[in-house]
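The exercises below ask for salt bridges, helix packing and a domain interface to be worked out from atomic coordinates. Each task is followed by a solution in steps.

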Amino acid sequence: MKTMSHYIPENLPSKIQHFIDGQFVDSVGGETFDVLDPVSNESYVQAAAGQKADIDLAVAAAQRAFKSGPWPRMLPRQRSRVLHKIADLIEARDQRLAELETFDTGLPITQALGQAQRAAENFRFFADLIVAQRDDTYKVPGRQVNYVNRKPIGVAGLITPWNTPFMLESWKLAPALATGNTVVLKPAEFTPLSASLWAEIFREAGVPDGVFNLVNGLGEEAGDALVKHPDVPLISFTGESRTGQIIFGNAAPFLKGLSMELGGKSPAVVFADADIEAALDATVFGVFSLNGERCTAGSRVLVERPIYDDFVARYAERAKNIVVGDPHDPKTEVGALVHPEHYEKVMSYVEIGKTEARLVAGGGRPEGLETGNYVAPTVFADVAPDARIFQEEIFGPVVAITPFDTDEEALELANNTRYGLAAYIWTNNLKRAHNFSQSVEAGMVWLNSNNVRDLRTPFGGVKASGLGHEGGYRSIDFYTDQQAVHITLNEAHSPRFGTAK
């Protein structure tokens, strides 16, 4: 682990603006905020800080584009062609996207490149899905035909997080636009850099003005105004559970459609009969990739007692050998955390963990990296289920390992948090694998696998990890109204009220 020169991409913008109705604009009141890069923690640009007035302008533009513009009225194939063009443009810019994302977030460059490519795939997937889409039709022979007519809903408010921001923005933008809605995107204030690239990509791809609008700013200002706007019927939010609760409350008076993917404290359960080498690979990658700043991280590793000591020793050794360094170095496996505020939060949990469990790797700042938001990959063993590092989402390169003796104890430990996003099960016992998977309180389960997701499957959590699902047809369901149309095929036989003499 050595100090490397601070890399700064060429041609960084001189300022970051909103994008409303096809134009880059400053905030109406001129408000701005500083954006830091996580290696130097110095401000490299000022971004427009959206207020209610800016959200009002963006929503008005989106509403005009929805009510009178061509986008919702295009044939699915026409919109599909535009979405494929967007995917082409993302792929053509993937190196630049990754470079900016790494600079802004601290994610290792190789992982940022993968996220850019995944963003393109999200657009391709929904471009294909809307053309191949089918809807339900029901028939009562000789009497009635019923069919579902899907319609875009209107202006979708999209609020996205600072971890893998560009990819997670694509996750919402692609289905919202594919189904004919217009959007207002509010990206996370920590990482607004790559979001500004959407404007030029969409413009070049032929997206009409007003269909895509971008308002930067703080959650409690721009995000709050978007959630409370009466002309935004849909809110899709990815972020922490507490913010989700606030959004839920603020959206309630308007009875808005909500899709919320929230926090996680996902278990990775390793039974003694598992392929231990494969389980080590997946569980180390599962918590330390993306700097540990991932909602589906398997941050609680539960290990069956007969293999526990050996597993902990091998896990700790792997963690100590993880390459921590400059995010732009292709050899780097863990880069810098996104922001000094988040760095302080993660380090506070490291200190808490030292009082609750046995530290077997990491536990501080890596040697040779005196500046920047660097945390050494940290492993705690013998973590009790009532420990804060077992119960609370840390969202960094910190893992808690806990032993168990029976299947019943493993299940109790796995379900013993307020969260329920993902779970990872490692066993070669087929009966146990399926019974355990179906009993674990998680929206998604991976058996003998790391987090590799088919885009057709639903993504979402239970308990404090979310509300609703997106992905595949679930995204189509969220971003459309399903209107049931009923047709009588013979004479309508209605009771004849008002005919009695």
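A salt bridge is counted here when a side-chain nitrogen of Lys or Arg lies within 4 Å of a carboxyl oxygen of Asp or Glu. The coordinates are those of a predicted model.

**Exercise 1.** Find how many salt bridges the rule gives, and place the pair formed by E200 and R93 in the chain.

Solution. Applying the rule gives a count of 25 salt bridges. For E200 and R93, the closest N and O atoms are 3.7 Å apart, and the two residues form a salt bridge. E200 belongs to helix α6 (residues 197–205), while R93 sits in the loop between α2 (76–92) and α3, so that the pair, 107 residues apart, links distant parts of the chain.

**Exercise 2.** Determine how helix α3 is oriented against helix α5, and which residues make the contact.

Solution. Helix α3 (residues 94–105) packs against helix α5 (residues 165–178) at an angle of about 115 degrees, and their axes are 9 Å apart. Angles of 65 to 115 degrees count as roughly perpendicular, and α3 is therefore roughly perpendicular to α5. On the α3 side the contact is made by L97, E101 and T105, and on the α5 side by P165, F166 and M167. Sorted by class, these are four nonpolar residues, one polar and one charged.

**Exercise 3.** Describe the interface between domain 1 and domain 2.

Solution. The domain assignment gives domain 1 as 15–262 + 465–484 and domain 2 as 267–447, with 31 Å between their C-alpha centres. The contact involves 26 residues from domain 1 and 30 residues from domain 2. About 2300 Å² is buried between the domains, 59% of it from carbon and sulfur atoms, and the count of salt bridges between domain 1 and domain 2 is zero.

Technical notes:
Residues are numbered from 1 along each chain as its sequence is written. This is a predicted model: local features need pLDDT of at least 70, side-chain atom pairs count only at pLDDT 80 or more; totals for chains, interfaces and linings use all residues. Side-chain values use heavy atoms; hydrogens and water are left out. Axes are lines fitted to C-alpha atoms, for helices over the stretch in contact, and angles run from 0 to 180 degrees between N-to-C directions. Helices (H or I, at least four residues) and strands (E, at least two) are DSSP runs, numbered from the N terminus. Angles under 35 degrees count as roughly parallel, over 145 as roughly antiparallel, 65 to 115 as roughly perpendicular and the rest as oblique. Contact means heavy atoms within 4.5 Å. Ala, Val, Leu, Ile, Met, Phe, Trp, Tyr, Cys and Pro count as nonpolar, Asp, Glu, Lys and Arg as charged, and the others, Gly among them, as polar. Domain bounds come from an automatic or database domain assignment. Buried area is the accessible area (1.4 Å probe) that two parts lose on being put together, summed over both.
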